[in-house]
Amino acid sequence: MAAAVAQGVSLNHISRESSDIRRLADFYKETFGFEEIESPDFGEFKVIWLNLPSAFSMHLIERDPSYKLPEGPWSATSPVADPSHLPRGHHICFSVSNFESFVQTLKEKGIQTFQRSLPNGKVKQIFFFDPDGNGLEVASQ
């Protein structure tokens with residue numbers, strides 16, 4: 001097998017565009033503990049940069065509707081807001097050490113979820129959407 005072109009690879013950041021970056025930032029801060037960090041001033045559009053200590057950063061970018069990029073799963077021609085479709089769809093996965101209480105909090109917030117385990121039963125998974133319709137998975141550790 002040929003060696004990979006890139007070496008020393010690690011995840012730097014994930015970006016999400018949104019028409020309401022403040023709402024999305026608050027969701028990721030309250031749900032996963034992201035911290036807001038210094039963000040550059042790009043002038044023509046707003047950004048909020050978040051960091052999850054010891055993991056990665058997330059860049060939230062103000063949406064420009066003139067670009068006509070899909071906003072997310074819910075902006076498809078026939079939107080499907082069913083988290084049971086997420087195991088085979090686009091999503092970001094986080095691992096948490098407090099899986100059961102995390103799931104309970106999602107239920108208390110009224111967030112629609114889909115729960116399952118890996119075939120060996122060792123890892124529990126819960127799938128749901130952020131406020132903009134981006135797929136999320138949380139797995140037990």
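Two strands count as paired here if DSSP finds at least two bridges between them, with strands (E, at least two residues) and helices (H or I, at least four) taken as DSSP runs numbered from the N terminus. The model is predicted, so to speak of local features pLDDT must be at least 70 and side-chain atom pairs count only at pLDDT 80 or more, while totals for chains, interfaces and linings use all residues. Residues are numbered from 1 along each chain as its sequence is written, and side-chain values use heavy atoms, leaving out hydrogens and water.

Let's start with the sheet. Four strands form an open sheet in the order β5-β8-β7-β6, with mixed pairing. β5 and β6 (114-117) are the edge strands; each has a single partner strand, so one side of each lacks a neighbour in the sheet. On average, neighbouring strands are turned by 25° against each other, direction ignored. At one edge, β5 (residues 92-96) runs parallel to β8 (residues 135-140), joined by five bridges, and C93 stands opposite E137 of β8. At the other edge, β6 and β7 run antiparallel through four bridges, where Q115 has I126 in β7 as its bridge partner.

Helices come next. α1 packs on the sheet and touches β5, β7 and β8 (contact means heavy atoms within 4.5 Å), its direction making about 10° with that of β8. Such angles, from 0 to 180 degrees, are taken between N-to-C directions of lines fitted to C-alpha atoms, for helices over the stretch in contact. α2 also packs on the sheet, touching β5, β6, β7 and β8, at about 25° to the direction of β7.

Now look along α1 itself. Its buried residues (under 20% relative accessible area with a 1.4 Å probe, protein chains only; over 50% is exposed and in between is partly exposed) are I21, L24, A25, F27, Y28, T31 and F32. They cover an arc of only 160° around the axis, which puts them on the same side of α1; the arc is that of the directions from the helix axis to the C-beta atoms. Just after α1, G33 takes a positive phi of about 85°.

What lies inside? The largest nonpolar core (buried Ala, Val, Leu, Ile, Met, Phe, Trp, Tyr and Cys residues joined through side-chain atoms within 4.5 Å) has 26 residues, and those with the most contacts inside it include Y28, F34 and F94. α1 gives the largest share of this core, six residues. In β5, I92, F94 and V96 point to one face and are buried, while C93 and S95 point to the other and are not.
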